[in-house]
Amino acid sequence: MTRHAIVIGAGIGGLATALALHRIGWHATVLERASELGEIGAGMSQAPNALRTLDELGVGEQARQAGVPTHATGNLRTADGRHLQRARPDDPAALLAFHRADLHRVLLDAIPDGWVRTGAEVTTIRQDGTSATVDYSGGELSADLVVAADGIGSITRRLLWPDTPPPRFLGRTAWLGIAPFDGLPGSVTLGPGAYFLIHPLSRARAYWAHITTADQPEVRYEHEKTEVARHIRDWHDPIPALVNATPADAVIHIDIRDLDPLPTYINGRVALLGDAAHAMSPDRGQGAGQSIEDAVVLAAALSAEPTLQAALRRYDTERRPRTQNTARGARADGRRTTSHATYRALTTMIRLTPSALWRKGIDPDSNPTWRWHPPHLPDSRETGTAARGTAPRSRAVSGHRIGRGR
Ligand SMILES: Cc1cc2nc3c(=O)[nH]c(=O)nc-3n(C[C@H](O)[C@H](O)[C@H](O)COP(=O)(O)OP(=O)(O)OC[C@H]3O[C@@H](n4cnc5c(N)ncnc54)[C@H](O)[C@@H]3O)c2cc1C
């Protein structure tokens, strides 16, 4: 009998979950509060751990076509342009860079039609021994399992983990943008108290992020592009030109927050996943990658364990240590790379590191976070348990478009 899940949120974590459930023969309904599907106009990188996991989901090839190799971890510079480490153009690049919307689309295209409902904001969740039920702006829906991939501000976490402190402001703020700019190899430039990241993107574009310290969150400017341009005006080429080439209304300004480690990611028939469970500072480029890992580990546990409860316990036991260690490391990396006090020591240490050693550190096989391998997902086509298109038990109180919302 086909089992049903409700996935809250159609970000990368939610879509990866729907796809992983599809692979094991479950049916999922994804409830997304936004009226249209998509991702913010920014970039991201995915490391070998996440790329392997996308392979397990059956979309690795599509992801590799959408992504562009980036040497951001091999090209380290200081704000005056000196190279601390320099990648050779023919070095294999461990990371692939994406426009977020492109990676999102790869996942969305692999999910069965009709699984995603937009304009569907979840407001409450309740559960008993046999099912979990959510109320959302389109009605009420019950299923065997609820996977909450509803992001850093997760309503599920606030409802079912009421004692959890809110996400913590880490004293850093970031401007992000995408500009038409071809031929950049990817780099990270360190300045005192700040850094500037560049990734090449498909279709002759480049993604940039400027991350710097901030005393308080929520400080916003009338002209964000002018403000970030002021911060980097003396930095080496092509940084000022890249910011200048970015449309002013496409510059995004966000504050950096993460979550303190939760004691558990599960509550009855509800599992937290992705940023809802372990929002992390972006400094290791791992947040979305970890959510993709979560999805595959959860599906593998559901297919291997005899009961839902055992599967959720296994998911919780396997994912908390890895995701919380990664979050801890990302928080520390961010502190180090934006520290005024240790800037000189950090840049000296990187400059003095023999390039062979540096290259080994960014080799996919030696980096401990990147070395991770996903569990194998039994393909429902192999086991004959493919989802047969049945939907969770639903009582609609208002009409909502069901579909891809594109
Ligand atoms: C500056 C920056 C750079 C980053 N760079 C990288 C990188 O290079 N690589 C990487 O892997 N990660 C990176 N990350 C992290 C990554 O962006 C996140 O970890 C990832 O997007 C989380 O995905 P998610 O699906 O868990 O949550 P989200 O993407 O936040 O999706 C949550 C979804 O749930 C929906 N939702 C929320 N509440 C409800 C509700 N009540 N009902 C219905 N729907 C709801 C939202 O609308 C949203 O669509 C970066 C983050 C930042 C801030």
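**Around the ligand**

In this predicted model, a backbone N or O atom of Val122 sits 2.9 Å from a nitrogen atom of the ligand. The protein hides a good share of that ligand: of the 1,000 Å² of accessible area it has on its own, 85% is covered. Three elements each give two or more residues to the surrounding shell, namely α1 (12-23), β3 (43-46) and α9.

Val122 has company on the polar side. For Arg33, a backbone N or O atom lies 3.1 Å from a nitrogen atom of the ligand. With Ile12 the ligand partner is an oxygen atom, found 3.4 Å from a polar backbone atom of that residue. In total, 31 residues surround the ligand, and those that come nearest are Gly13, Glu32, Ser45, Arg100 and Asp275. As for chemistry, the shell splits into 12 nonpolar residues, 12 polar ones and seven charged ones.

Helix α9, one of the elements contributing to the shell, runs from residue 287 to residue 304. Its length is easy to check: with 18 residues at 1.5 Å a residue, a span of 26 Å is expected, and the C-alpha atoms at the two ends are indeed 26 Å apart, so the two values agree. The helix is also mostly covered, with 16 of its 18 residues buried.

Next comes Leu107, which belongs to helix α4 (residues 100-109). Its relative accessibility is 0%, and because buried means under 20%, Leu107 falls into that class. Leaving aside residues up to four places away in sequence, Leu107 touches Ile12, Leu15, Ala16, Leu19, Leu54 and Val59. Ile12 thus turns up twice, as a contact of Leu107 and as the residue whose polar backbone atom is 3.4 Å from a ligand oxygen atom. Gly13, listed among the residues that come nearest to the ligand, is 94 residues away from Leu107 in sequence, yet their C-alpha atoms are 9.8 Å apart in space.

Ser154 sits in a loop instead, the one between β12 (145-148) and α5 (155-160). Despite being a serine in a loop, Ser154 counts as buried, because its relative accessibility is 0%. Beyond residues up to four places away in sequence, Ser154 touches Leu272 and Ala276. Asp275, for its part, is one of the residues that come nearest to the ligand.

Conventions:
Residues are numbered from 1 along each chain as its sequence is written. This is a predicted model: local features need pLDDT of at least 70, side-chain atom pairs count only at pLDDT 80 or more; totals for chains, interfaces and linings use all residues. Side-chain values use heavy atoms; hydrogens and water are left out. Helices (H or I, at least four residues) and strands (E, at least two) are DSSP runs, numbered from the N terminus. The expected span of a helix is 1.5 Å times one less than its number of residues. Buried means under 20% relative accessible area, exposed over 50%, partly exposed in between (1.4 Å probe, protein chains only). A residue is near a molecule or strand if one of its heavy atoms lies within 4 Å of it. A polar contact is a pair of N or O atoms within 3.5 Å; within protein, one must be able to donate a hydrogen and the other to accept it, and residues adjacent in sequence count only if both atoms are side-chain atoms. Accessible areas come from the Shrake-Rupley method with a 1.4 Å probe; for residues, only the protein chains shown count as cover. Ala, Val, Leu, Ile, Met, Phe, Trp, Tyr, Cys and Pro count as nonpolar, Asp, Glu, Lys and Arg as charged, and the others, Gly among them, as polar. Contact means heavy atoms within 4.5 Å.
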